[in-house]
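Dear colleague,

I am passing on the structure we spoke about, and I would be glad if you could look through it alongside the notes that follow.

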Amino acid sequence: MAHTAIITGGSRGLGAAMAKKLGEMGYNVVLAFHSASSQKLTEEVAAEIEEKYGVETLIVRADVSMFEECEKLVQATIDRFGDKVSVLVNNAGITNNCNWIDITPDQYQRVIATNLLSFMHMTHLVLPYMVNHSSKEDQCNIVNISSVGGLTGVINQADYCASKAGVIGMSRALALEYAGKGIRVNCIAPGMIMTDMLRGVNQDELNALAATIPEGYIGGVEDIADAMEYLLNANYVTGQVVSPNGGFVMQ
Ligand code: NAD
C-alpha cells in the first residue's frame with residue numbers, strides 16, 4: 001500500500017509543484033487548500049496527479065492557521081488513507097509588505113499564525129502517527145518551507161522573516177528530538193521563485209530583481225520540488241536548511 005503525504009497550500013505555486021512530485025514519487029497525496037476560490041485549482045492539480053502517476057489524492061479545505069482546522073485535515077487524512085502518514089510538507093504561507101510603524105497587530109499576527117503556528121499545529125498532530133510506524137528502513141519526513149527571508153533580513157518583511165527564521169529553529173529542535181527514531185525534519189529556504197507571491201511585480205522590477213541574483217534569473221517551482229525530492233531520499237540528512245536561491249544568499 002502506498003504511503004501518505006500531506007501538503008498544505010497545495011493549490012498553486014510551490015505547493016502544487018511539490019504535490020505533483022509527491023505523486024510522481026508514489027505517495028497518495030493529501031492537498032490542503034484555503035479559500036473557496038482555490039477549490040477548482042486544487043481539484044485540477046489532484047486530477048493531474050491521479051492521471052499521471054496512478055496514486056490517490058484527497059483535497060481538504062482547511063485554514064491551517066487554526067488548530068481545529070488542522071485537526072480536521074489530519075482526521076480526514078486518517079479516515080481516507082489510514083494512519084501511515086509518512087510525509088508532511090508544511091508549505092502554506094503569506095506575506096505582508098509593510099513598514100513596522102504602519103503594520104497592524106492583526107496583520108503580523110496573521111503572518112505568524114499562517115507561516116509558523118500552522119507548521120507547529122500540523123507537526124504536533126501528525127508526529128504521533130509517524131512515531132507509530134517510522135523505522136530506520138521506513139523513514140518519515142517533515143519538510144518545512146522557510147525562505148531566504150529566514151536567513152537574512154528583507155525590508156518591510158519583519159513579520160515574514162521572523163516566521164521563517166522561527167520555522168528553521170523549530171525544525172532543528174525537532175530534528176534533534178526525533179533523531180534516531182526514523183523521523184527526519186528539514187527545511188527548504190527558497191530564494192526568489194516565480195509564483196503568485198511575485199504577482200503585481202512588473203517586468204522592469206522582475207528584471208531588476210533577477211539582476212541581484214548571481215545566477216541571473218528568478219528560479220522556477222521545479223527547483224523547489226527537486227529540493228524536496230532530494231530531502232525525502234537523503235537518509236542521512238536531518239536538521240538542515242537547503243536553500244535553492246541562485247547564489248542570492250550563501251550560508
Ligand atoms: P502562493 O501564494 O502561490 O501559495 C501559498 C499557498 O498557501 C496557497 O496555496 C494558499 O492557498 C496557501 N495558504 C495561505 N494561507 C493559508 C491558510 N491559512 N491555510 C491554508 N493554506 C493557506 O505562494 P508560493 O510562492 O507558492 O509560497 C509557498 C511557500 O513558499 C510559502 O510558505 C512561502 O513563504 C514560501 N516561499 C516562497 C518564495 C517565492 O519566491 N515564491 C520564496 C521563499 C519562500
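**The ligand and its surroundings**

A backbone N or O atom of Gly9 lies 3.4 Å from an oxygen atom of the ligand, and I should say at once that this is a predicted model. Gly93 likewise places a backbone N or O atom 3.4 Å from an oxygen atom of the ligand, while for Val64 the backbone N or O atom lies 3.0 Å from a ligand nitrogen atom. Taken alone, the ligand exposes 830 Å², of which the protein buries 96%.

The ligand is surrounded by 26 residues, and the closest of these are Arg12, Asp63, Asn91, Tyr160 and Thr195. Sorted by class, the shell around the ligand consists of eleven nonpolar, eleven polar and four charged residues. Two helices, H1 (13–24) and H5 (158–178), each supply at least two residues of that shell.

**The sheet and the helices across it**

Turning to the strands, seven of them form an open sheet with parallel pairing, and their order is E3-E2-E1-E4-E5-E6-E7. At the edges are strand E3 (57–61) and strand E7 (241–242), each of which pairs on one side only. Within the sheet, strand E1 (residues 4–8) and strand E2 (residues 28–33) run parallel and are joined by five bridges, and Thr4 stands opposite Asn28 in E2.

Which strands does helix H3 lie across? Helix H3, made up of residues 67–81, lies across E1, E2, E3 and strand E4 (85–90), and it runs at about 160 degrees to E3. Helix H5, in turn, lies across strand E5 (140–145), strand E6 (183–188) and E7, running at about 160 degrees to E6. H5 therefore deserves a second look when you open the model, as a helix that supplies at least two residues of the shell around the ligand and also lies across strands of the sheet.

With best regards

Technical notes: Residues are numbered from 1 along each chain as its sequence is written. This is a predicted model: local features need pLDDT of at least 70, side-chain atom pairs count only at pLDDT 80 or more; totals for chains, interfaces and linings use all residues. Side-chain values use heavy atoms; hydrogens and water are left out. A residue is near a molecule or strand if one of its heavy atoms lies within 4 Å of it. A polar contact is a pair of N or O atoms within 3.5 Å; within protein, one must be able to donate a hydrogen and the other to accept it, and residues adjacent in sequence count only if both atoms are side-chain atoms. Accessible areas come from the Shrake-Rupley method with a 1.4 Å probe; for residues, only the protein chains shown count as cover. Helices (H or I, at least four residues) and strands (E, at least two) are DSSP runs, numbered from the N terminus. Ala, Val, Leu, Ile, Met, Phe, Trp, Tyr, Cys and Pro count as nonpolar, Asp, Glu, Lys and Arg as charged, and the others, Gly among them, as polar. Two strands pair if DSSP finds at least two bridges between them. Contact means heavy atoms within 4.5 Å. Axes are lines fitted to C-alpha atoms, for helices over the stretch in contact, and angles run from 0 to 180 degrees between N-to-C directions.
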